[in-house]
Amino acid sequence: YPAKISIEDSTATAEIWATVRTGGSPVRDNTIVKFATTAGQITSESQTIDGLAVAILISPGDNRPRQAEIVAQAITVRDTIEIDFIIAAQDDF
């Protein structure tokens, strides 16, 4: 949150949430979730609490609008989301 981040501001951030469940229930606390991104910087890993792990994505601040893929992996499960890095003057947040 949010799904769009300013590409102009190297301090712009978004929280990336990964909810990890097994058999419909949250995984045990302190399960490691690894994160990676194709643009910007992201917390490399986080531990779950009640099945939730949170990472912080930071804009590269390089004025090159693009879409980044964020990958989260826990145990043997991997999922990907996309975040848009935008020029703020061209789009409303």
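In this predicted model, N30 is located in the loop that links strand 4 (25-26) with strand 5 (32-37). The backbone at N30 has a phi near 75°, which is a positive value in a residue other than glycine. With a relative accessibility of 48%, N30 is classed as partly exposed, because an exposed residue must have a relative accessible area over 50%.

A second residue with a positive phi is I75, where the angle is near 55° and the residue is likewise other than glycine. I75 belongs to the loop between strand 9 (66-74) and strand 10 (77-86). The relative accessible area of I75 is 60%, and I75 is therefore counted as exposed.

Turning from the loops to the strands, strand 8 (residues 52-58) shows an alternation of side chains along its length. A53, A55 and L57 point to one face and are buried, whereas L52, V54, I56 and I58 point to the other face and are not buried.

The pairing of strand 8 can be described in terms of two neighbouring elements. Strand 2 (residues 13-19) pairs with strand 8 in the antiparallel sense, and 7 bridges are found between them. Within this pairing, I16 has A55 of strand 8 as its bridge partner, and A55 is one of the residues whose side chains point to the buried face. Strand 6 (residues 41-42) also runs antiparallel to strand 8, to which it is joined by 2 bridges. Here I42 stands opposite L57 of strand 8, and L57, like A55, is among the buried residues of that strand.

Technical notes
Residues numbered from 1 in each chain as written. Predicted model: local features only at pLDDT ≥ 70, side-chain atom pairs only at ≥ 80, totals over all residues. Heavy atoms only, no water. Buried < 20%, exposed > 50% of the residue type's maximum accessible area, 1.4 Å probe, protein only. Helix = DSSP H or I, 4+ residues; strand = E, 2+ residues; numbered from the N terminus. Pairing = 2+ DSSP bridges.
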